[in-house]
Amino acid sequence: MQSHNVFHQGMALKAVAVFTLVQIVLVFLLGYTPYPDSNGYIALAEAANAAGEPYPVAADMNALAFLWNVGAITMTQLSLTLFGSVTPLLVLYALMKGATAFCFYLLVKELADAKTAAVALVLYLFYPANYGEATSLLSELPFLFFAMAACLVAVRRYALLAGVLLAVANWFRPMGLVFIVALIACFLILYGKAVSGKRQVSLFLRKTAGLVAGFALMASVIGGVNYVRTGRFFYQAATGWMALMQYSWDHDSDTVPDRDFFEGGDPNVLSEAHHYDVLQKDSAWCSHFGVWLCHNTGEYLRQMPEKLVRTYISDNTTFCAFLPESEKNEQMYERLSMETLSREFPHYSTVQWLTVVNLLYYYLLLVGAAVGLVRCLHLRRYALVALAAGVIITGTAVLLIFGHGETRFHIPFMPFFILLCAHCTRKAG
């Protein structure tokens, strides 16, 4: 049995190595993909380099409209400083993509078995949307690398290290709480059964405390360094309240009566903004959203289904990497949008056909995950279900309650859909 497992792991390593090599080749073949957020990271990194400080520059704290994904911008700045180019960082992200795949395989092997892990890895490696993602600086890729590594070491009982890794992931993209909740649910299944005696309950409490302590420790280090530099403590991006206020206001079916509640008639305009630093602005947007919510609770709830649809309706974002250079511009999302694909059917370009193939694969994964969830429950793999469903449900809830709908926001959840989908062919018992 041991040699059988080693065989599977050796094959997995070879498959992941090929997958990683393809990612690196695509970086050089396709070049940099100028997503708006990715371009924004470069602009802020260049400005910080010109000032001779890490992002955010202390002197610019009042000028910044919001605090963006600090880790992603810092890594961009480091690449520009050391190499004068973002290409080395893209290569690093390609390596992270491969490492994420292998961590995913090992995670499934820990929570299920070698056969299921092999199936999950094959599904992951053949998932078309996984290709070309490393051609941009978007924060989902490095976030998922550290989050997946955290899940793996957590189920291998290194909870403190898992918390540290999640804080680093959170530095790239503020979604670390989602994985903390899911891992605690997983710990509850693995260690929390009171019927197993006090020792099991004690182990659950220690693992949970270790996870939270690791996160708090690393967040304190990141925040402490920023406090020394800027005089303000922060360890993650602060864009949520602004984005939520803007989305809620823009999609409000009737904003006219609400204009009287805000100075200037628009909650997205902050009076005396030049006196606020970037964190005070975030607090002001939070306050404005609270005012709007008090008078528009029904509208807020009505917007949630649309957010859900926007998050999961398509899976087209990464295919912008395959567009010809002439089409890589601010309108490139539109070229592969569901509206464009519907309107131009069946007269598609090669990239559009590739996008449609991926959409079919993506929808099959979602259906397969639902079937696999039932199989997991029949197989009594409750810890696996707690982790996968915990990430998906908690992550989706965070987006609906505190965020706005955008298709690439589901990217960090996809390995967990695949994890469940890998159980489709498994028989109960």
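These are my notebook entries on cavities, a pocket, one helix, backbone oddities and cysteines in a predicted model.

**Entry 1. Cavities**

I searched the whole structure for cavities of 30 Å³ or more and got three. I looked up the largest cavity and noted a volume of about 130 Å³. Its lining has 17 residues. Y127, A129, N130, I411 and M414 are the ones nearest the centre of this cavity. I then sorted the lining of the largest cavity by class and wrote down seven nonpolar, six polar and four charged residues.

The second largest cavity came next, with a volume of about 70 Å³. I listed its lining as Y35, E133, S136, L138, E140, L141, T317, T318 and I411. By class I have four nonpolar, three polar and two charged residues for the second largest cavity. I marked I411 in my list, as it lines the second largest cavity and is also among the residues nearest the centre of the largest cavity.

**Entry 2. Second largest pocket**

I looked up the second largest pocket and recorded about 170 Å³ of space. It is lined by 11 residues, and M11, A12, A15, L121 and V122 are the closest to its centre. Two or more lining residues come from each of α1 (2–30) and α5 (114–125). Which element gives the largest share of this lining? I found that α1 does, with five residues. The class split for the second largest pocket is 10 nonpolar, one polar and no charged residues.

**Entry 3. Helix α8**

I checked the span of α8, which covers residues 176–191 and has 16 residues. From its first C-alpha to its last, α8 reaches 22 Å, close to the 22 Å expected at 1.5 Å a residue. I then pulled out the buried residues of α8, which are G176, V178, F179, I180, A182, L183, C186, F187 and Y191. C186 turns up again in the cysteine entry, as the partner in a distance from C151.

**Entry 4. Backbone**

I looked up cis peptide bonds and noted the one from Y55 to P56, with omega near -5°. P56 sits in the loop between α2 (36–51) and α3 (70–83). I also noted a cis bond from F345 to P346, where omega is near 0°. P346 is in the loop between α14 (338–344) and α15 (350–378).

I went on to positive phi values in residues other than glycine. R157 has a phi of about 80°, and I placed this residue in the loop between α6 (140–155) and α7 (159–172). R380 has a phi near 60° and is found in the loop between α15 and α16 (382–402). I checked the accessibility of R380 as well and have it as exposed, at 66% relative accessible area.

**Entry 5. Cysteines**

How many disulfides does a search of the whole structure find? I got zero. I used a cut-off of 2.5 Å between the two sulfur atoms.

I followed up two cysteines. The cysteine sulfur closest to that of C151 belongs to C186, and at 8.3 Å it is too far for a bond. C151 is buried, with a relative accessible area of 0%. For C286, the closest cysteine sulfur is in C294, at 11 Å, so this pair is also too far for a bond. I have C286 down as partly exposed, at 29% relative accessibility.

Notes. Residues numbered from 1 in each chain as written. Predicted model: local features only at pLDDT ≥ 70, side-chain atom pairs only at ≥ 80, totals over all residues. Heavy atoms only, no water. 1 Å grid on protein atoms, 1.4 Å probe; cavity = no way out; pocket = protein on both sides within 12 Å on 5 of 7 lines; lining within 4 Å. Points joined across faces, edges and corners; volume = space filled by probe spheres on them. Nonpolar A, V, L, I, M, F, W, Y, C, P; charged D, E, K, R; others polar. Helix = DSSP H or I, 4+ residues; strand = E, 2+ residues; numbered from the N terminus. Expected span 1.5 Å × (residues − 1). Buried < 20%, exposed > 50% of the residue type's maximum accessible area, 1.4 Å probe, protein only.
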